[in-house]
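Trainee: I've got a fresh model open and want to talk through its helix packing, its main pocket and its odd backbone spots. Can we go through them one by one?

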Amino acid sequence: GSKPGNHSHSWLGTLRGLLLFGEISGQREYIDTVVQTYYQTMRKRIKKSGFISHDMDKDFMGETTSPGDIAQLALWLAVRHQHVDLFDDVERIVRARLLPSQLISVNPNTQKDYAPMLRGAYGGMYMEAHGGKIATFDVTAAVLHSMIDIYKHIVEHREQELCIHLHFDYEDERVAIYSRRDEAAQVMIDCKESCNVLLRMPRWAPRDSIAVNVDGKTFEPQMLGDYVLIPKNKLPGKIIVHYATPYTREVEATNNVDYTFDWLGDEIIGVSPNTDFYPFYVSA
């Protein structure tokens with residue numbers, strides 16, 4: 001069996017609990033310890049593709065709960081403790097691991113009793129590093145918990161300011177956001193009031209590729225740290241922000257297998273070798 005304290009999901013639950021305890025009790029040392037653990041240990045445990053093993057002393061048998069846990073913890077550190085660079089971790093984990101693990105179609109012949117319930121679930125425990133996503137109900141519940149939290153923090157409403165942290169689709173009474181990824185990326189923002197809009201740009205996005213227009217009129221983007229500023233005197237209106245999504249090819253080893261990934265920005269568009277058993281990605 002597993003060694004005590006060896007379960008990745010349990011370890012990550014403990015870290016989130018320590019962070020919350022530090023926040024509630026006002027004891028900064030707990031928060032600082034979790035921050036250090038994230039940067040020094042967690043980023044080494046989870047691979048760029050989002051794979052992390054169920055047991056911490058192994059390099060096989062992945063579990064989708066742990067990437068969801070890490071994305072949620074990165075979100076808390078970014079939103080509540082100003083570690084803005086971790087928004088890139090959140091987006092990459094969602095795009096490269098959580099969404100690809102979701103069961104979009106289910107074979108009714110092999111899972112006919114549960115097929116309607118499984119569709120839309122997040123793949124649970126899988127023996128293959130990047131395939132074999134079979135729904136496990138507690139895994140789906142844990143990932144869904146993280147995804148709801150991430151969705152709620154796509155946008156932060158401030159006084160006279162709208163701060164958009166993540167490039168995912170979103171809508172409320174003040175703003176609608178549509179994000180598209182291809183050879184280039186675009187974020188379309190329908191801002192329904194006069195306020196300053198701040199849109200975070202991924203750190204991997206070339207700054208000289210950023211183009212902004214409002215209601216068809218282009219203007220020079222102004223950067224405030226990682227955020228593009230669209231001033232309130234140009235709004236309400238429809239904002240479109242374009243930027244490049246660089247292509248890279250990288251090799252990542254899991255369980256003594258070298259996997260070659262094609263990346264477009266922070267999204268995996270192909271893998272080799274692949275599997276034909278509920279694969280996460282198309283073949284490179």
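**Pocket, packing and backbone**

Mentor: Sure. Keep in mind that this is a predicted model. Start with the pocket lining: by class, four residues are nonpolar, two polar and five charged.

Trainee: Which elements give two or more residues to the lining of the largest pocket?

Mentor: Begin with the volume, about 170 Å³ for the largest pocket. Its lining is made up of Arg95, Leu99, His167, Phe168, Asp169, Ser179, Arg181, Asp182, Leu264, Glu267 and Ile269. Match those against the elements, and the ones that supply two or more residues are β6 (175–181) and β16 (267–272).

Trainee: On to the helices. How are α3 and α4 oriented to each other, roughly antiparallel or oblique?

Mentor: Helix α3 (residues 65–81) packs on α4 with axes 8 Å apart, at an angle of about 155 degrees. The crossing is left-handed. Angles over 145 degrees count as roughly antiparallel, so α3 and α4 are roughly antiparallel.

Trainee: How many nonpolar residues does the contact of α3 with α4 have?

Mentor: On the α3 side the contact has Pro67, Gly68, Ile70, Ala71, Ala74, Leu75, Leu77, Ala78 and Val79, and on the α4 side Leu86, Phe87, Asp89, Val90, Ile93, Arg97 and Leu98. Gly counts as polar, while Asp and Arg count as charged. That fits a split of one polar, two charged and, for the class you asked about, 13 nonpolar residues.

Trainee: And α4 with α6: is α4 roughly antiparallel or oblique to α6?

Mentor: The axes of α4 (residues 86–98) and α6 (residues 137–152) come within 12 Å and cross at roughly 135 degrees. An angle counts as roughly antiparallel over 145 and as roughly perpendicular from 65 to 115. The α4 and α6 crossing falls in neither class, so α4 is oblique to α6.

Trainee: What classes of residue make up the contact of α4 with α6?

Mentor: From α4 come Val90, Val94 and Leu98, which meet Val143, Met147 and Ile150 of α6. Val, Leu, Met and Ile each count as nonpolar. The contact therefore has no polar and no charged residues under that scheme, and its tally is six nonpolar.

Trainee: What is the handedness of the crossing of α2 and α3?

Mentor: First the geometry: α2 and α3 have axes 12 Å apart and pack at an angle of about 130 degrees, so they are oblique to each other. Arg28, Ile31, Val34, Val35, Tyr38 and Met42 of α2 meet Ile70, Leu73, Ala74, Leu77 and His81 of α3. That contact divides into nine nonpolar, one polar and one charged. As for handedness, the α2 and α3 crossing is left-handed.

Trainee: Now the backbone. Where is Pro236 found?

Mentor: Look for a cis peptide bond: the one from Leu235 to Pro236 has omega near 10 degrees. Another cis bond joins Ser272 and Pro273, with omega about 0 degrees, and Pro273 sits in the segment after β16. Pro236, on the other hand, is in the loop between β12 (227–230) and β13 (237–244).

Trainee: Last one. What is phi of Asp215?

Mentor: Compare the setting of Met61, in the loop between α2 (28–45) and β1 (62–63), where phi is near 60 degrees, a positive value in a residue other than glycine. Asp215 lies in the loop between β9 (211–214) and β10 (217–219). Its phi is positive too, in a residue other than glycine, at near 50 degrees.

Methods: Residues are numbered from 1 along each chain as its sequence is written. This is a predicted model: local features need pLDDT of at least 70, side-chain atom pairs count only at pLDDT 80 or more; totals for chains, interfaces and linings use all residues. Side-chain values use heavy atoms; hydrogens and water are left out. On a 1 Å grid over the protein atoms alone, a cavity is a set of points where a 1.4 Å probe fits but cannot get out, and a pocket is an open set with protein on both sides within 12 Å along at least five of seven lines; lining residues have an atom within 4 Å of a point. Grid points are joined across faces, edges and corners, and a volume is the space filled by probe spheres set on the points. Helices (H or I, at least four residues) and strands (E, at least two) are DSSP runs, numbered from the N terminus. Axes are lines fitted to C-alpha atoms, for helices over the stretch in contact, and angles run from 0 to 180 degrees between N-to-C directions. Angles under 35 degrees count as roughly parallel, over 145 as roughly antiparallel, 65 to 115 as roughly perpendicular and the rest as oblique. Contact means heavy atoms within 4.5 Å. A crossing is left-handed if the near helix is turned anticlockwise from the far one by less than a right angle, and right-handed if clockwise.
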